[in-house]
Amino acid sequence: MKSSVIVTGASSGIGAEIAREFSKNGHFVFLFGRDQKKLQLVQKTCLNETEIFAFDLKDLKDFKTTILNLLENRPPLEILVNNAGIYKQSRFEMTSTEIWNEQFQVNLLAPVELTQLIWPLFIKNKKGSVVNISSTLGIKPAPGTSAYSAIKAALNNLTITLAQEGGAHNIRVNAVCPGIVDTPIHTFHNLKPDEKSKITTELATLQMLPRIGQPSDIAQATYFLGSDQSAWTTGAILSVDGGIGQK
Ligand SMILES: NC(=O)c1ccc[n+]([C@@H]2O[C@H](COP(=O)([O-])OP(=O)(O)OC[C@H]3O[C@@H](n4cnc5c(N)ncnc54)[C@H](OP(=O)(O)O)[C@@H]3O)[C@@H](O)[C@H]2O)c1
């Protein structure tokens with residue numbers, strides 16, 4: 001068995017596919033998420049050994065010891081994928097402090113706290129790889145996404161700072177910036193096929209490539225950046241977005 005990997009938000013969409021990708025490639029995968037039942041469904045689709053840990057990332061401070069205990073007697077942890085995230089669309093004047101706070105906590109503070117928890121292990125092992133799942137909106141913001149776009153931009157900057165600090169310890173830190181990917185984060189995800197196709201075809205006209213993304217598009221890029229395949233890549237902010245906004 002290769003090294004261990006933590007994937008947050010492994011219960012759904014992109015995170016579930018990332019977990020399957022690392023598992024398929026022989027890694028031990030820790031599936032982090034909130035919903036035990038959804039995590040169990042994903043676990044059944046993984047090809048190698050996994051372990052589930054269900055908790056709310058907003059309460060991460062209460063689970064730090066448990067997480068460190070989980071890692072014992074498992075293959076060494078070499079990869080952390082900060083994937084869990086929430087997306088709330090609203091015009092700026094309607095975006096309350098609560099909305100800002102929640103997106104800040106889940107999309108930025110949780111990756112900060114979890115990476116801070118794991119960082120000393122990576123330093124001790126002289127090896128580590130962090131992949132932050134950011135967003136194309138962190139580079140190319142759009143109306144109605146003030147909080148989300150600003151916070152994902154912060155995640156991109158954090159990625160570069162950590163890459164700068166981690167390099168001397170053989171810790172690599174990279175980000176993947178997905179475009180529009182078909183997951184439950186979007187309301188169109190569960191529409192009837194004809195209604196969904198109408199919306200996704202329209203959205204795809206914003207891109208150079210005429211289809212929206214699938215979780216596997218992001219999982220493959222994440223596997224590349226997380227694994228030794230990209231051993232000489234750090235501080236990269238990789239857009240995987242069909243060329244959105246540049247047509
Ligand atoms: N889909 C896209 O178009 C798109 C585009 C750009 C970036 N992204 C980013 O990709 C990442 C994954 O999104 P997705 O599209 O796969 O969305 P998704 O299907 O809604 O999955 C989100 C995941 O995050 C977890 N999560 C949310 N809040 C959490 C919390 N407080 N504590 C612990 N886990 C929590 C969810 O757990 P539960 O199942 O328990 O809710 C779920 O596993 C996010 O960071 C998102 O910002 C997505």
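Biologist: How do the residues of the shell around the ligand divide into nonpolar, polar and charged?

Modeller: This is a predicted model, in which local features need pLDDT of at least 70 and side-chain atom pairs count only at pLDDT 80 or more, while totals for chains, interfaces and linings use all residues. Residues are numbered from 1 along each chain as its sequence is written. With Ala, Val, Leu, Ile, Met, Phe, Trp, Tyr, Cys and Pro taken as nonpolar, Asp, Glu, Lys and Arg as charged, and the others, Gly among them, as polar, the shell holds 12 nonpolar, 10 polar and 5 charged residues.

Biologist: Which residues come nearest to the ligand, and which helix gives the largest share of the shell?

Modeller: A residue is near if its C-beta atom, placed from the backbone, lies within 6 Å. Of the 27 residues around the ligand, the nearest are Gly9, Gly13, Arg34, Gly85 and Thr183. The largest share of the shell, 3 residues, is supplied by residues 13-24 (helices being DSSP runs of H or I with at least four residues, strands runs of E with at least two, numbered from the N terminus), that is, by helix H1.

Biologist: Is strand S2 buried or exposed?

Modeller: On one side of S2 lie Phe28, Phe30 and Phe32, and on the other Val29, Leu31 and Gly33, so that both faces are covered. Because 6 of the 6 residues of S2 (residues 28-33) have 20 or more other C-beta atoms within 10 Å of their own, the strand is largely enclosed by the rest of the structure. The state of S2 is therefore buried.

Biologist: Which strands pair with S2?

Modeller: Pairing requires at least two DSSP bridges. Strand S1 (residues 4-7) runs parallel to S2 over 4 bridges, with Ile6 opposite Phe30. Strand S3 (residues 50-54) is also parallel to S2, over 5 bridges, and Val29 stands opposite Thr50. The partners of S2 are S1 and S3.

Biologist: What is the bridge partner of Ile6 in S4?

Modeller: Strand S4 (residues 77-82) is mostly covered, with 6 of its 6 residues buried. S4 pairs with S1 in the parallel sense over 4 bridges. Opposite Ile6, the residue in S4 is Leu80.

Biologist: Which helix gives the largest share of the largest nonpolar core?

Modeller: That core, a set of buried Ala, Val, Leu, Ile, Met, Phe, Trp, Tyr and Cys residues joined through C-beta atoms within 7 Å, has 54 residues. Val7, Ala19, Val29, Leu31 and Val81 have the most contacts inside it. Its largest share, 7 residues, comes from residues 146-166, helix H5.

Conventions
A residue is buried if 20 or more other C-beta atoms lie within 10 Å of its own, exposed if 12 or fewer, and partly exposed in between; C-beta atoms are placed from the backbone.
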